[in-house]
Amino acid sequence: MYQALYRKYRPQTFSDVVGQKSVTDTLRTQINTGKLSHAYLFTGTRGTGKTSCAKILSKAVNCLDPQDGNPCNCCAACKAIDSGACMDVLEIDAASNNGVDSVRVLRDDAIYTPGEVKMRVYIIDEVHMLSTAAFNALLKIIEEPPEHLLFILATTELHKVPATILSRCQRFSFRRLSQEDIASRLNYIAYQEDIEVEPAAISMLARLADGGMRDGVSLLDQCASASGGKLTADSVAAALGLAGQKQTAAILQAAAEQNCPQALTIFSELYAAGKDIPALVSELSGLCRDLLILKTAPKSGISMLSGIATDAQAAELAQKLSQGELLRHLQLLQDTAAAFSKNADSRVAMELCLIQMCQPQLALDAQALGARISRMEEQLASGSFVTAAPQTAQKPAGDGYEDDRPPFPDDADDPMAGIPPEPSEHGQEQSAPKQQDKLAFWPELAEKMREALGPGDRGFLAPNGPVKPVLRGDDLILACDSDFVLGRLKKPEVEKMAKEKAALVLGRPVSVRFALQSQVSNTGEDPMNALLAMGQQHQDIFTIR
């Protein structure tokens, strides 16, 4: 009869236990020196070796020929314990024997000396499931047991074990296994079972195991049975109903580019292929977590990646998503995962999640606004900020409709809009090539100013950025497309710096000032100055009269 791999390859000695060296070394030393405790408490997450170590310890204390603290697995005592025929070593499931009556029976039987081996051993698994009365009944026998008695308690929820029990036991914490430890063990099992497997598939299985060796071996067993041949990352994803690295990264790529149709198309294909939607949410959450860590700790974060995407994919996506956006994506994905437990329509819930991820402008909550601002700040800091293209609407002909409102900053695609070309010597407008030649100094000047500005402001002077020059003789006007940009740059120290840099580039002293594009007239003067001058003239006239 076929035996599951996790049972077939269960550790038989302390040396076989993976990733728990501090625990196994201490137990081996106690066995070698004979300084054993009367009660042990093994704690840790599932699949980390608690029950395996309990069985190995029960064999080691009764072994007739121990080998450096390890059981020999060849003597009569070891064989009887392995086969379950030894009546003096009992494994009890506290989940189904959690009543006080079961503990009373155990306590009454524990006083009898063992008949087959040296010590009577009780292994109580999931001990936190015992009732309060059962724990109270167990207290006295654990505190002062007979010399032939040994208790080994195991639990995954330490906080549920009473302090009175904890104080009577030696506690050993089993840590979550690393992906490297799990991958190494899976490679060994695959070699022993003649399973041909790619390194990428092993890495995916180790990640999906989530720190539990038993989960990793079970997944290997399942995928090897489903593939029937060479085990690859794609075959693992197909066997477990996962989207895989490429599709998960493609969805997040679409969210970064705010390409909602693309994200919904990829999800529709995955849904039609029968992929597990909660698993997809988990993969997207893990990838967002990886990118957030990578942006927060660019150097040390590489070692913390879970491997949902390749290092190259993660680095590329990290450049396209801000920290605020990643935090918002994580919150949306967690809310969607919580909705699955409430019997929500998983397909609709996932589609709504993707739409909100791709279109943050649909929400006006603080987190959505923060994500949009965070994206803009990163673009400005990196110098990649580009204003949106204008969306012009044709006016109805002949109805007298006129829109005198100034354009929004996002609509100012052409910073020179509203500024007619400077007349030439013959009274005609200059052609576009001549204007471009006249502004050939601007790239060099912008670069010099960028070097002198701080990280938060230099992005405004990037190529195709929100600031464009208007040169009228010895007057240089730097026209800004919005009040926000103007407020950041219109400062005495910035204008002084720009004046010095412009003099170096142009070869002559010029005056420099910042203004809104909508406020720059044909002559380059601010219309407000003309209004103020006109008001002063009227005041003088009234004063003379």
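This is a short walk through the fold, one helix, a few loop residues and a cavity in the structure above.

Okay, thanks everyone. Before anything else, please keep in mind that what you're looking at is a predicted model.

Let me start with the overall picture. We have 545 residues, and 43% of them count as buried. The protein has 23 helices and eight strands. If you take the contacts with a separation of 6 or more, 73% of those come from residues 24 or more positions apart. As for the outside, the accessible surface is about 29000 Å², and carbon and sulfur atoms hold 52% of that.

Now, right at the beginning of the chain, have a look at Tyr6. This tyrosine sits in helix H1, which runs over residues 5–8. Is Tyr6 buried, exposed or partly exposed? Partly exposed, because its relative accessibility comes out at 33%. What does Tyr6 touch, once we leave out residues up to four places away in sequence? The answer is Arg214, Val217 and Ser218. Arg214 is 208 residues away along the chain, yet its C-alpha atom and that of Tyr6 are 5.9 Å apart.

Next, helix H4, residues 76–83. Its buried residues are Ala77, Cys78, Ala80 and Ile81. Why do they end up on the same side of H4? Because they span an arc of only 165 degrees around the axis. That buried set packs against helix H3, residues 50–60, and strand S2, residues 89–93. Turn H4 around, and on the face away from the buried side you find Ala76, Lys79 and Ser83, which are exposed. Just after the helix comes Gly84, with a positive phi of about 80 degrees.

While we're on backbone angles, here's a bit of background. Most residues other than glycine have a negative phi. With that in mind, two spots are worth a click. One is Asp68, which lies in the loop between H3 and H4. Its phi is near 55 degrees, so a positive value in a residue that isn't glycine. The other is Glu126, in the loop between S3 and H6. Glu126 isn't a glycine either, and its phi is positive at about 50 degrees. Glu126 counts as partly exposed, since its relative accessibility is 24%.

Stay in that loop for a moment. His128 is there too, between strand S3, residues 120–125, and helix H6, residues 132–143. Is this histidine buried or exposed? Buried, because its relative accessible area is 8%, and the cut-off for buried is under 20%. Leaving out residues up to four places away in sequence, His128 touches Phe135, Thr155, Thr156, Glu157, Lys160 and Val161.

Last stop, the empty space inside. Rolling a probe the size of a water molecule over the atoms shows where empty space is left. How many cavities of 30 Å³ or more does the structure hold? One. The largest cavity has a volume of about 50 Å³. Lining it are Ala255, Gln258, Glu325, Arg328, His329, Met357, Pro360 and Ala371. Split that lining by type and you get four nonpolar residues, two polar and two charged. Which helix gives the most to the lining? That would be H16, residues 323–340, with three residues.

That's my tour, so over to you for questions.

Terms used
Residues are numbered from 1 along each chain as its sequence is written. This is a predicted model: local features need pLDDT of at least 70, side-chain atom pairs count only at pLDDT 80 or more; totals for chains, interfaces and linings use all residues. Side-chain values use heavy atoms; hydrogens and water are left out. On a 1 Å grid over the protein atoms alone, a cavity is a set of points where a 1.4 Å probe fits but cannot get out, and a pocket is an open set with protein on both sides within 12 Å along at least five of seven lines; lining residues have an atom within 4 Å of a point. Grid points are joined across faces, edges and corners, and a volume is the space filled by probe spheres set on the points. Helices (H or I, at least four residues) and strands (E, at least two) are DSSP runs, numbered from the N terminus. Ala, Val, Leu, Ile, Met, Phe, Trp, Tyr, Cys and Pro count as nonpolar, Asp, Glu, Lys and Arg as charged, and the others, Gly among them, as polar. Buried means under 20% relative accessible area, exposed over 50%, partly exposed in between (1.4 Å probe, protein chains only). The arc is that of the directions from the helix axis to the C-beta atoms. Contact means heavy atoms within 4.5 Å. Accessible areas come from the Shrake-Rupley method with a 1.4 Å probe; for residues, only the protein chains shown count as cover.
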